[in-house]
Amino acid sequence: MTQVSWKAKELTVGQVAERSGVAVSALHFYERKGLIASRRTAGNQRRYRRDTLRRVAFIRVSQRVGIPLSRIREALAALPEERTPTREDWARLSEQWRTELDARIRQLEKLRDDLTGCIGCGCLSLERCVLSNPYDACGRQGPGPRHLLVGGAPGSPDFLEPPRGCAD
């Protein structure tokens, strides 16, 4: 590992990649998505402030628990002057995301428990489908595997109400 002077206020993209454990291409992607920022030198090389390491760590942990990049970007943009998140910021944001994560956990548990049964796709080709989805009742709720599309937090763009009229 390359030793970076503790006095260095800016890091190269390679140094940020090495210290954060994130590929250079991922850093470029995060930058294109507005999650991190760099300045360009006279030679057009990227330079990142040291606190970018904490932002990248925040992004990685948030992604690891299943928070979409769009929500992470919103959270970072809501911080005063889009500063790097503090421990208090993480506590507040993680509490806000708890409801969404709980809904995802419920969806994954349902997926695990119902994976071998009828998924409400409308094919009615399995014996269980006739019992779980008689006359394709789930088809009135929209396209796709209706029994498995329940997810997201109420109010979020990916939230779908549980299917009504479909037997579980």
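Is Asp-136 buried, partly exposed or exposed in this predicted model? The legends below take up the whole chain and then several close-up views, and the one for Asp-136 returns to this question.

**Figure 1. The whole chain, with its helices and strands.** In this predicted model, the secondary structure of the chain comes to six helices and three strands, and, when the chain is read along its sequence, these elements follow the pattern β-α-α-β-β-α-α-α-α. The chain has 168 residues, of which 32% are buried, while the area that the chain exposes is about 10700 Å², with carbon and sulfur atoms supplying 53% of it. Among the contacts with a separation of 6 or more, 52% are between residues that lie 24 or more positions apart.

**Figure 2. The largest nonpolar core.** In soluble globular proteins, nonpolar side chains tend to be buried together. Here the largest nonpolar core has 23 residues, and those with the most contacts inside it are Leu-27, Tyr-30, Leu-35, Ile-36, Ile-59, Ile-72 and Leu-76. Two or more residues of this core come from each of helix H1 (13-20), helix H2 (24-32), H3, helix H4 (69-78) and helix H5 (87-114). Leu-76, one of the residues named above, touches Leu-35, Arg-55, Phe-58, Ile-59, Glu-82 and Pro-85 when residues up to four places away in sequence are not counted.

**Figure 3. Tyr-30 and its surroundings.** Tyr-30 belongs to helix H2, and it counts as buried because its relative accessible area is 6%, which is under the cut-off of 20%. Apart from its neighbours within four places in sequence, Tyr-30 is in contact with Val-22, Leu-35, Ile-36, Val-56, Ile-59, Arg-60, Gln-63 and Leu-69. One of these partners, Val-56, is 26 residues away from Tyr-30 in sequence, yet the C-alpha atoms of the two are 8.5 Å apart in space.

**Figure 4. The largest pocket and its lining.** Rolling a probe the size of a water molecule over the atoms shows where empty space is left. In the largest pocket this space comes to about 250 Å³, and of the 17 residues that line the pocket, the closest to its centre are Ala-37, Arg-49, Asp-51, Thr-52 and Arg-55. Strand S3 (46-49) and H3 each supply at least two residues of the lining, and the largest share, three residues, comes from S3. Sorted by class, the lining has nine charged, four polar and four nonpolar residues.

**Figure 5. Thr-52 in helix H3.** Thr-52 is found in helix H3, which covers residues 52-64, and it is also among the lining residues closest to the centre of the largest pocket. With a relative accessible area of 4%, Thr-52 is buried. If its neighbours within four places in sequence are left aside, Thr-52 is in contact with Val-16, Ile-36 and Ala-37, and of these Ala-37 is likewise listed among the residues closest to the centre of the pocket.

**Figure 6. Asn-44 in a loop.** Asn-44 is placed in the loop between strand S2 (39-40) and S3. Although Asn-44 is not a glycine, it has a positive phi of about 65°.

**Figure 7. Asp-136 after helix H6.** This view returns to the opening question about Asp-136, which is found in the segment after helix H6 (127-132). Asp-136 is partly exposed, because its relative accessible area is 26% and therefore lies between the limits of 20% for buried and 50% for exposed residues. Asp-136 and Gly-120 are separated by 16 residues in sequence, while their C-alpha atoms are 7.5 Å apart in space.

Key
Residues are numbered from 1 along each chain as its sequence is written. This is a predicted model: local features need pLDDT of at least 70, side-chain atom pairs count only at pLDDT 80 or more; totals for chains, interfaces and linings use all residues. Side-chain values use heavy atoms; hydrogens and water are left out. Helices (H or I, at least four residues) and strands (E, at least two) are DSSP runs, numbered from the N terminus. Buried means under 20% relative accessible area, exposed over 50%, partly exposed in between (1.4 Å probe, protein chains only). Contact means heavy atoms within 4.5 Å. On a 1 Å grid over the protein atoms alone, a cavity is a set of points where a 1.4 Å probe fits but cannot get out, and a pocket is an open set with protein on both sides within 12 Å along at least five of seven lines; lining residues have an atom within 4 Å of a point. Grid points are joined across faces, edges and corners, and a volume is the space filled by probe spheres set on the points. Ala, Val, Leu, Ile, Met, Phe, Trp, Tyr, Cys and Pro count as nonpolar, Asp, Glu, Lys and Arg as charged, and the others, Gly among them, as polar. Accessible areas come from the Shrake-Rupley method with a 1.4 Å probe; for residues, only the protein chains shown count as cover. A nonpolar core is a set of buried Ala, Val, Leu, Ile, Met, Phe, Trp, Tyr and Cys residues joined through side-chain atoms within 4.5 Å.
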